[in-house]
Amino acid sequence: MSTAAFAAVVTAAEGEAPEGIQLLLPAGYDILWSIVVLVGIAVPFYRYVLPKFQAVLDERTRRIEGGIAQAETAQAEAAAALAENQQLLADARAEAARIREEARAEGGQIKAEARTQAQEEAARILENAQRQIDAERQQAAVSLRADVGELATQLASKIVGESLEDEARRSRVVDRFLDDLEASTATSAGKGS
């Protein structure tokens, strides 16, 4: 632009000096061309860009809502699974406690049975031992009686000076001797206590 043209524009602008609100308002041709440009940009934007943008936003909204629904479903399933697991755990603990109690009761019963069997076995062994002792005592008494009888008969034969070969006589002498011996043993035992 030349200096003369520039000077003409400045002089024209100085000649029409707007005042008041006119300072803020643009010229009419500026408003017209601004509207034409705005319509030229807005129509393709509304026709082509905005529907694609809206479709992308709708798809994103749909995905977010679907994700939220899936998350809520998964959370509900997780809560149900947690409740089920807690119930199974509680059932397992109750079952374990019941088994422990049964085992304790069974152990006590087995212990009592073993104690009873041991007592019965001890009583049986004691009874067998007592029988054996009685049998041995009986056998010893019989053997002792026979030996004492033989010795007493020999001694009596020597003292009396006659033979005690008669069985009845010998038996009476031996019985009397053993009775006297038992009586003297009982008497000495009574004095000792």
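The legends below describe an overview and close-up views of a predicted model.

**Figure 1. Overview of the protein chain in the predicted model.** The protein chain contains 3 helices and 0 strands, and its elements follow the pattern α-α-α along the sequence. Of its 193 residues, 5% are buried. The exposed area of the protein chain is about 16,500 Å², and carbon and sulfur atoms supply 61% of it. Helix α2 covers residues 28–160.

**Figure 2. The aromatic pair of F45 and Y46.** A search of the whole structure returns 1 aromatic pair. The rings of F45 and Y46 are arranged edge-to-face, with 6.0 Å centre to centre and 75° between the planes. The arrangement is classed as edge-to-face because planes over 60 degrees apart fall in that class. F45 is partly exposed, at 40% relative accessibility, whereas Y46 is exposed, with a relative accessible area of 57%.

**Figure 3. A nonpolar patch on the surface that includes F45 and Y46.** The patch is formed by F45, Y46, Y48, V49, F53 and L57. Together these residues have about 650 Å² of accessible area. One of them, F53, lies in helix α2.

**Figure 4. The salt bridge between R63 and E59.** The structure holds 8 salt bridges, and the side chains of R63 and E59 form one with an N to O distance of 3.1 Å. R63 and E59 are 4 residues apart in helix α2, so about one helical turn separates them. R63 is exposed, at 60% relative accessibility; E59 is partly exposed, with a relative accessible area of 28%.

**Figure 5. The salt bridge between R131 and E127.** The side chains of R131 and E127 meet at 2.2 Å, N to O. These two residues also lie in helix α2, and because they are 4 residues apart, their separation is about one helical turn. R131 has a relative accessible area of 51% and is exposed, while E127, at 41% relative accessibility, counts as partly exposed.

**Figure 6. The salt bridge between D134 and R137, with a note on a network.** The closest N and O atoms of D134 and R137 are 3.8 Å apart. Both residues belong to helix α2, where they are 3 residues apart, about one turn of the helix. D134 is partly exposed, at 35% relative accessibility, and R137 is exposed, at 55%. Elsewhere, E59, R62 and R63 are joined into one network by salt bridges that share partners.

Key. Residues numbered from 1 in each chain as written. Predicted model: local features only at pLDDT ≥ 70, side-chain atom pairs only at ≥ 80, totals over all residues. Heavy atoms only, no water. Phe/Tyr/Trp six-rings, centres within 6.5 Å; stacked < 30°, edge-to-face > 60°. Buried < 20%, exposed > 50% of the residue type's maximum accessible area, 1.4 Å probe, protein only. Patch = residues over 30% accessible without salt bridge, like charges linked within 9 Å, V, L, I, M, F, W, Y side chains within 5 Å. Areas by Shrake-Rupley, 256 points an atom, 1.4 Å probe, with all protein chains shown as cover. Salt bridge = Lys/Arg side-chain N within 4 Å of Asp/Glu carboxyl O.
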